[in-house]
Amino acid sequence: QIGARVDIWYAQESIQDRCAPLDRFQPDSDQKNLQTCDHFTADNLSLSVVGLSGSVLLRPLPQASMSPYLRAGVGLVIPTGETLSASGDFIANGRDLTREMIVDSSGQGPRGYGVLALGVQSGSGGSSRFQFEVSDAMIAIDRLTGPADVNGRAPRVRALTNTFSLTLGIAVVFSGRRGRRY
């Protein structure tokens, strides 16, 4: 049996921020570079993403008491934060200031992703069944690969990340007349 599924989801991914000089910081009385770097490294932000996907389900034994299925789909993910720009705060002459270390907003914006899942439904009820699923959302995230130049541009790479999830729930019959579960 073949079915369809639509998902809307929200997830948070951790981002590891690190800042270190290649050699030593240039000396200055306020230690602006050291303050900026320390602030950036201590700023433990996370990246939130919102996703929308459509999937096709293949269920070889739809009426069995243990009904396994395979799900594959594509979707669109929208990061709610930036993965490439970097800034840090420092105090100079009694004023709080911000320094942009990496100026790049190309990591923002929607992008496509893929999803694969393997699951099983169990139970003998006519209107609902218990469901267990393991899935992987494969999302491309931009990451920096080296230091920025004087204009705030840094080399980057788009890397595929895997976001695994475990879902437990109740599957509901959409068509009571035909008794089909998707």
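Colleague: What makes Arg71 and Glu133 a salt bridge?

Modeller: In this predicted model, the closest N and O atoms of Arg71 and Glu133 are 2.8 Å apart. The cut-off is a side-chain nitrogen of Lys or Arg within 4 Å of a carboxyl oxygen of Asp or Glu, so the pair counts as a salt bridge. The two partners come from distant parts of the chain: Arg71 sits in strand β3 (residues 66-79) and Glu133 in strand β7, 62 residues apart.

Colleague: Why is Arg71 called buried?

Modeller: Arg71 has a relative accessibility of 3%. Buried means under 20%, so Arg71 gets that label. Glu133 has a relative accessible area of 1%, so Glu133 is buried too.

Colleague: Which residues do shared salt-bridge partners join into one network?

Modeller: Arg5, Asp7, Arg71 and Glu133. Within that group, Asp7 bridges to Arg5, with 3.0 Å between the closest N and O atoms. Asp7 has a relative accessible area of 16%, so by the 20% cut-off Asp7 is buried.

Colleague: How do you know that Lys32 and Asp28 form a salt bridge?

Modeller: Their closest N and O atoms are 3.6 Å apart. That is within 4 Å, so the pair counts. By this rule the count comes to 5 salt bridges.

Colleague: Why are Lys32 and Asp28 called partly exposed?

Modeller: Lys32 has a relative accessible area of 24%, and Asp28 has 26%. Partly exposed runs between the 20% and 50% cut-offs, so Lys32 and Asp28 land there. For the whole chain, 32% of the 182 residues count as buried.

Colleague: How do you know that β3 and β6 pair?

Modeller: Pairing takes at least two bridges, and β3 and strand β6 (residues 111-122) have 12, so they qualify. They run antiparallel, and Pro68 stands opposite Val120 in β6. On to β7: 10 bridges join β6 to β7, again in the antiparallel sense, with Leu118 opposite Val134 in β7.

Colleague: What do β4 and β5 form?

Modeller: A hairpin, with 2 residues between the strands. Asn93 in the turn has a positive phi of about 55 degrees. The two strands pair antiparallel over 7 bridges, and the bridge partner of Ala86 is Ile102 in β5.

Colleague: Which residues make up the covered face of β4?

Modeller: Ala86, Gly88, Phe90 and Ala92, while Ser87, Asp89 and Ile91 are on the uncovered one. In a regular strand, side chains alternate between the two faces of the sheet.

Colleague: Which residues lie nearest the centre of the largest pocket?

Modeller: Arg18, Phe40, Ala86, Ile102 and Leu144, out of 44 that line the pocket. So the bridge partners Ala86 and Ile102 turn up again here. The pocket holds about 1500 Å³ of space. Several elements each supply at least two lining residues, including α1 (32-42), β4 (86-92) and β5 (95-102). By class, the lining has 19 nonpolar, 13 polar and 12 charged residues.

Colleague: How many helices and strands does the chain have?

Modeller: There are 1 helix and 8 strands, running β-α-β-β-β-β-β-β-β from the N terminus on. And among contacts with a separation of 6 or more, 66% are between residues 24 or more positions apart.

Notes. Residues are numbered from 1 along each chain as its sequence is written. This is a predicted model: local features need pLDDT of at least 70, side-chain atom pairs count only at pLDDT 80 or more; totals for chains, interfaces and linings use all residues. Side-chain values use heavy atoms; hydrogens and water are left out. On a 1 Å grid over the protein atoms alone, a cavity is a set of points where a 1.4 Å probe fits but cannot get out, and a pocket is an open set with protein on both sides within 12 Å along at least five of seven lines; lining residues have an atom within 4 Å of a point. Grid points are joined across faces, edges and corners, and a volume is the space filled by probe spheres set on the points. Helices (H or I, at least four residues) and strands (E, at least two) are DSSP runs, numbered from the N terminus. Ala, Val, Leu, Ile, Met, Phe, Trp, Tyr, Cys and Pro count as nonpolar, Asp, Glu, Lys and Arg as charged, and the others, Gly among them, as polar. Buried means under 20% relative accessible area, exposed over 50%, partly exposed in between (1.4 Å probe, protein chains only). Contact means heavy atoms within 4.5 Å.
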